Every structure is written in structure tokens, then in C-alpha cells.
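Student: Please take a close look at the loop with an unusual backbone angle, and then follow the chain from there into the strands and the interior.

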Amino acid sequence: MAARQADVVLVGGGVMSATLGMMLRQLDPSLDIVMVERLDHVAHESTDGWNNAGTGHAGYCELNYTPETGDGDVAIDRALKINAQFEVSLQFWSYLVEQGMLPEPNKFINRTPHQSFVWGEDGVKFLKRRFERLSKHHLFRDMKYTESLDELGEWMPLVVKNRQAGEPIAATRVEYGADVDFGSLTRSMVDYLQSQPNFELMLSSPVHYLDQRDNGRWKVRVRNQKTGELTKLEAGFVFLGAGGGALPLLQKSGIKEARGYGGFPVSGQWLVCQKPDIVKQHDSKVYGKAPIGAPPMSVPHLDTRIINGEPALLFGPFAGFTTRFLKQGSMFDLFGSVRAANLRPMLSVSKNNMDLTRYLIGEVFQSHSDRVASLRNFFPDASEDDWELKMAGQRVQIIKQDEDGRGKLEFGTEIVAAKDGTLAALLGASPGASTAANAMIDVLERCFPEKIKSPEWQQRMKTLVPSYGESLVDDEPLLTKVRERTLSTLKLV
């Protein structure tokens with residue numbers, strides 16, 4: 001059987017692969033692109049609306065992006081970086097909307113104020129210092145802070161109503177925060193790609209074989225789970241954007257840059273309320289502080305969500321221990337990922353993170369009453385009967401080998417690319433989908449270095465993302481210009 005020749009193979013039908021596909025289509029319409037997805041439709045694992053927080057992560061409300069320092073100050077560098085990265089996504093989505101490649105913005109993104117909420121003297125002190133530090137920077141200049149019960153009642157009525165009298169509480173707010181239905185966004189991007197020439201989508205087709213030929217091109221074999229048909233692909237570039245499934249595929253590739261990487265899978269659950277009389281009383285994302293020992297993905301928050309056009313309230317996430325790398329994966333995923341090169345890093349992470357392991361196991365054994373009790377920190381009047389438990393997606397946190405050969409647990413996202421630029425993989429979790437555009441620009445710069453330096457690609461990149469090549473962290477006039485456009489185009493004001 002002759003191999004089907006392609007320029008690019010995108011493995012995984014999630015937001016990362018779709019974003020990269022859309023960028024490459026704009027940069028070079030002649031590229032022949034094949035997307036392969038193991039499930040029978042795209043955006044069904046971590047990208048699906050019910051499987052992630054849907055927060056347009058911009059650092060406005062996520063307190064774990066601004067940790068307290070040893071001297072009592074608050075570090076804001078990570079929040080600045082993530083905010084600027086989300087602005088890149090907003091610019092790219094704005095371009096796609098303006099060109100008619102995406103539907104009306106409210107089909108995938110909606111204005112939802114981002115708020116941080118704390119209680120207790122220590123919490124209030126921290127939040128006030130955080131506000132003072134962030135609001136001095138132009139990226140966060142529109143942030144508001146209050147300790148006023150009346151104002152808090154306007155910002156978050158469900159949270160404030162019937163709280164304990166005299167309890168110190170405070171909140172910050174950014175009006176133009178966003179709720180993003182990444183599932184709808186991704187399906188719209190893939191629909192557009194399917195309408196274009198030189199693009200093929202292969203569903204129900206997991207990758208069984210991945211190997212590089214002597215000429216540098218990659219052999220990829222996929223088998224259709226419904227028909228049993230085997231398809232041989234050959235491509236000059238392969239992107240592994242398969243969420244939790246990216247690590248095993250990266251290991252199959254055999255590139256030396258993959259050595260030492262492991263994965264720590266974490267499951268998630270939400271409490272969900274879809275009763276209209278309750279849902280209509282809350283119109284924001286309210287984030288608190290994570291419990292001691294909890295991973296960053298377990299920062300508690302009460303969210304307004306709009307998924308497939310339907311409003312709901314979500315609270316959580318509640319983490320849990322799992323050995324699956326994908327929601328529809330195998331219980332043997334974790335064990336199958338162990339290699340001689342990553343055994344020591346994985347064992348050292350296990351030894352040094354027993355508090356995290358105990359926390360995750362404790363989360364698994366919580367009752368419905370326990371979870372609703374946590375919810376009442378954010379919604380004092382919450383009734384158990386109004387909320388049901390729903391499974392979220394799987395996350396695989398990165399285990400990375402350090403200089404001493406031991407391992408460290410990473411909670412961000414990371415691009416791993418072959419030295420020759422023919423293969424790249426995205427590993428990790430939060431902020432994930434929110435920074436997809438910025439992450440895929442990183443892939444382009446590392447894997448298409450000569451092309452992206454060309455005048456043609458440089459000009460097109462500036463069209464897709466007007467701030468490309470410049471710093472929104474350092475350039476206030478540029479930030480003002482691009483934010484005015486994106487907020488207007490995406491109807492976030």
C-alpha cells in the first residue's frame with residue numbers, strides 16, 4: 001500500500017491542532033494538511049466545553065498566577081505573561097471572525113466578568129496587595145477592588161447573600177473577562193478547514209505507528225476503529241496535539257528531546273446547576289484560593305458557563321487520582337508511559353509529592369455533601385438538591401527531568417520539538433487552550449524557522465496577530481490599540 005503523502009499531519013482534533021491548522025492555512029494555502037482523531041468527532045476530550053473551566057485565562061482572577069513571596073509581597077510576572085498570551089488568542093480569533101472563518105462571537109465567547117474573592121484577614125490582605133501590584137500595570141489597569149458589602153452584593157449576589165456577619169471579605173473585578181466554549185470554537189475552526197482544499201479529516205483513527213525515515217519525513221500509520229482499514233501517511237511535519245495522549249505519542253517518536261519526560265494524570269469533576277432561577281442570579285467567574293496541598297488546577301471557582309448556547313453554573317473543580325491519560329483512555333496509560341529514561345524522574349516526583357497524592361485520594365472519597373459544603377464558601381445558600389456531579393476532562397501534568405536526573409512536577413504547558421523541526425508536541429495543562437494561539441506561534445517559530453522569517457510570512461503573521469513580534473507587556477499604546485479592537489470585535493464590552 002502506497003503512503004498518502006502530506007505536508008503536515010495534525011494528531012488530535014482539539015483546540016491546539018485546529019489552531020495550528022488555521023494558522024498554517026493562512027500562512028501557506030498550498031500546504032496539504034491531514035488531521036487524525038482517535039474519536040468519532042473532534043473536540044471531545046479536554047477541549048469539550050464540559051471538560052474544562054471555559055475561563056479565558058488572563059490572570060484577572062486566578063490567584064495561583066500571583067503567588068505570595070517570602071517577604072510578604074506578591075509576584076505578578078506570570079500573570080503579566082499569561083495576560084499578554086491571551087491577548088494574542090483574542091487577536092487571532094478577532095481576525096477569524098472579521099474574515100468570516102468563525103461564526104458570530106457569541107457562539108463561542110461571551111463577556112463574563114472575572115472576579116477574585118477572599119475571606120478572612122489574611123486573604124483580604126493578600127488580595128489588596130495583589131490589586132495594588134497588578135493595577136499599576138497597563139495590562140490590569142481596569143481592575144477594581146472593594147471590601148464594600150453593598151458593592152460586593154452588586155458584583156456577586158449569590159456569594160454575598162446570607163454570609164456570616166462581620167467576616168472580612170474582599171474582591172477584585174475586571175468587567176471584560178471571557179467565558180470561552182473551546183469545544184464550539186474548535187468545531188467551527190475544523191468546519192472551516194474542511195471547506196478548504198488540501199485538508200482531510202480522519203475520524204476514529206488513532207495513531208498506531210510513528211517513525212522517522214532517513215530522509216527526515218515521518219511515517220504515520222492510523223487504523224480506522226470502525227472499518228479496520230489501515231492508512232499509511234507520510235509527512236514532512238507532524239504535530240502531536242492530542243492532550244493527555246500526546247506524551248505516549250511523543251515517546252513513540254523516539255526523538256531524543258522526549259527523553260526524561262513523564263506524566264502525572266489528574267482527573268476532575270464539577271458540581272453543575274442548570275436551574276434557571278439560580279443561574280440567572282450569577283453572571284461572572286469567581287475564583288478563590290486553592291486549599292493547601294492542592295494542585296493549581298484545583299483552585300475553586302463558581303462560574304457562569306455558556307456551553308453550546310445553554311447557560312449553567314459550575315463549581316469546582318474537584319480533583320482526583322487516576323491512571324488514565326484521557327477521559328476515554330485506558331487505566332494502563334500511566335504504567336505504559338514508564339520508560340528507562342523517565343523512571344527515576346517519575347519515582348522522585350512520587351516520593352516528593354506525597355502531600356499532593358494524599359490530597360487527590362482525599363478528593364476521590366468526598367461525598368456529595370462534602371462537595372456542597374465547599375461550594376457554600378462561595379454560595380452560602382446552596383442546596384444539595386440543586387447541584388449534580390459531572391466529570392470533567394483528564395489532565396496530564398508534566399514530569400520533567402532536572403539537571404540532577406531527578407524529576408520535578410510542572411503545572412504549565414510546554415512545547416517539545418525535535419531539533420530538526422519536523423515534529424512537535426504540546427504537553428501539560430493550564431492555562432492551555434486560552435493561550436493556544438501563542439503556543440502555536442511558538443511551534444511555527446521552532447519548526448518553520450526559515451519560512452516564518454520570510455517577508456511573506458512576517459506580513460501574514462502581522463495580519464493574523466497585529467502585536468506579533470512586539471511586547472504587550474512593555475508597550476502600553478500597542479496594548480490599548482489591540483485591546484480596543486478585540487473587545488469590540490468579540491463583543492466583550
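Tutor: Helices (H or I, at least four residues) and strands (E, at least two) are DSSP runs, numbered from the N terminus. This is a predicted model, in which local features need pLDDT of at least 70 and side-chain atom pairs 80 or more, while totals for chains, interfaces and linings use all residues. Residues are numbered from 1 along each chain as its sequence is written, and side-chain values use heavy atoms, without hydrogens or water.

The loop between helix H5 (157–160) and strand E6 contains Asn162. Although Asn162 is not a glycine, its phi is positive, about 65°. Asn162 counts as exposed because its relative accessibility is 57% (exposed is over 50%, buried under 20%, partly exposed in between; 1.4 Å probe, protein chains only).

Beyond this loop, E6 (residues 169–174) runs antiparallel to strand E4, joined to E4 by six bridges (pairing requires at least two DSSP bridges). Within this pair, Ala170 of E6 faces Val118. E4 spans residues 114–119, and five of its six residues are buried. E4 also pairs with strand E13 (residues 285–287), here in the parallel sense and over three bridges; Lys285 of E13 is the bridge partner of His114.

A positive phi occurs also at Asn308, near 55°, again in a residue other than glycine. Asn308 sits in the loop that links strand E14 (301–307) to E15. Strand E15 (residues 310–321) includes Pro317, which is joined to Gly316 by a cis peptide bond with omega of about -5°.

In the interior, the largest nonpolar core (buried Ala, Val, Leu, Ile, Met, Phe, Trp, Tyr and Cys joined through side-chain atoms within 4.5 Å) has 88 residues, of which Trp93, Phe239 and Met440 touch the most other members. Helix H2 (residues 77–98) supplies the largest share of this core, twelve residues. Beyond its neighbours within four places in sequence, Phe239 has contacts (heavy atoms within 4.5 Å) that include Met16, Leu20, Met440 and Val443.

Helices H1 (residues 15–27) and H13 (residues 436–447) pack with their axes 9 Å apart, at an angle of about 60°. The pair is therefore oblique (under 35 degrees is roughly parallel, over 145 roughly antiparallel, 65 to 115 roughly perpendicular, the rest oblique; axes are fitted to C-alpha atoms over the stretch in contact, with angles from 0 to 180 degrees between N-to-C directions). Among the residues making this contact are Met16, Leu20 and Leu27 of H1, and Met440, Val443 and Leu444 of H13.
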